[in-house]
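The exercises below ask you to work from coordinates to contacts, one step at a time. Please keep the model open while you read each solution.

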Amino acid sequence: VQLQACGGGLVQAGGSLRLSCVASGEIFSRYAMGWFRQAPGKEREYVSGISWSGSMTDYAGSAKDRFTISRDNRKNTVYLQMNSLKPEDTAVYYCAARQSFLPATSQNMGVHNIDYWGKGTQVTVSS
C-alpha cells in the first residue's frame with residue numbers, strides 16, 4: 001500500500017485543517033487506518049484510528065472532541081478533520097495502515113503494529 005497524505009499547513013490557534021490520505025496498491029477496505037504525529041524531539045504518537053468499515057473510531061485524549069477521523073472506501077481515502085487547533089498540535093502528521101479487522105484502538109494501532117506509513121504532512125499552529 002502506498003499512502004499519500006496532504007492538507008497540512010500553517011494555521012492560527014483556534015483554526016481548522018483537514019488532512020487527507022489517499023491509498024493505492026491494495027484493497028483499501030482490508031485496512032484499519034490511523035493518524036499519528038511527531039513533534040521535534042518527541043516520539044511518534046497515536047492520534048486517531050478508524051476501523052476497516054469506518055464503523056468504529058478511536059482518539060487519543062489530546063484529540064478527543066476536537067478531531068474527527070473518517071474514511072471513504074470508494075475513494076480509498078482517510079481524513080482527519082482538526083478543529084480548535086492549539087500550538088501543541090504542531091507536528092508532522094502521518095497516516096498509517098494496518099491490515100486488520102480488529103477495532104482501530106491505540107493498542108491495535110500501535111506504532112509497531114503498523115504495516116504501512118505515508119510520508120508526513122507538516123501542521124504548524126501559531127499562537
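Are C21 and C95 buried or exposed? The model is predicted, so local features need pLDDT of at least 70 and side-chain atom pairs count only at pLDDT 80 or more, while totals for chains, interfaces and linings use all residues. Residues are numbered from 1 along each chain as its sequence is written, and side-chain values use heavy atoms, with hydrogens and water left out.

**Exercise 1. Settle the burial of C21 and C95, and then assign the cysteine bonding.**

Step 1. Both C21 and C95 are buried, where buried means under 20% relative accessible area, exposed over 50% and partly exposed in between, with a 1.4 Å probe and protein chains only.

Step 2. C21 and C95 form a disulfide, with their sulfur atoms 2.1 Å apart; the criterion is a pair of cysteine sulfur atoms within 2.5 Å. A search of the whole structure finds 1 disulfide.

Step 3. C21 belongs to strand 3 and C95 to strand 9, so the bond ties together parts that are 74 residues apart in sequence; strands (E, at least two residues) are DSSP runs, numbered from the N terminus. The torsion about the S-S bond of C21 and C95 is about 50°, so this disulfide is right-handed.

Step 4. For C6, the closest cysteine sulfur is that of C21, at 8.4 Å, which is too far for a bond. C6 is partly exposed, its relative accessible area being 41%.

**Exercise 2. Trace the network of salt bridges that links R37, E45, R66 and D89.**

Step 1. The criterion is a side-chain nitrogen of Lys or Arg within 4 Å of a carboxyl oxygen of Asp or Glu, and by this rule the count comes to 4 salt bridges.

Step 2. Begin with E45, which pairs with R37 at 2.6 Å between the closest N and O atoms. E45 is partly exposed at 35% relative accessible area, whereas R37 counts as buried at 7%.

Step 3. R37 also meets D89 in a salt bridge (2.9 Å, N to O). This pair links distant parts of the chain, since D89 sits in the loop between strand 8 and strand 9 and R37 in strand 4, 52 residues apart. D89 is buried, with a relative accessible area of 1%.

Step 4. D89 in turn meets R66 at 2.7 Å, N to O. R66 is in the loop between strand 6 (57-59) and strand 7, so its pairing with D89 ties together parts that are 23 residues apart in sequence. R66 is buried as well, with a relative accessible area of 11%.

**Exercise 3. Describe the surroundings of R98, a buried residue that has no salt bridge.**

Step 1. R98 is found in strand 9, and the nearest side chain of opposite charge, D115, is 5.2 Å away; here Lys and Arg count as positive and Asp and Glu as negative, with His and the chain ends not counted.

Step 2. A polar atom of the R98 side chain lies 2.6 Å from the backbone oxygen of N108.

Step 3. Not counting residues up to four places away in sequence, R98 touches R30, Y31, A32, N108, M109, N113 and D115, contact meaning heavy atoms within 4.5 Å.

Terms used
Helix = DSSP H or I, 4+ residues; strand = E, 2+ residues; numbered from the N terminus. Polar contact = N/O pair within 3.5 Å; in protein donor to acceptor, adjacent residues only side chain to side chain.
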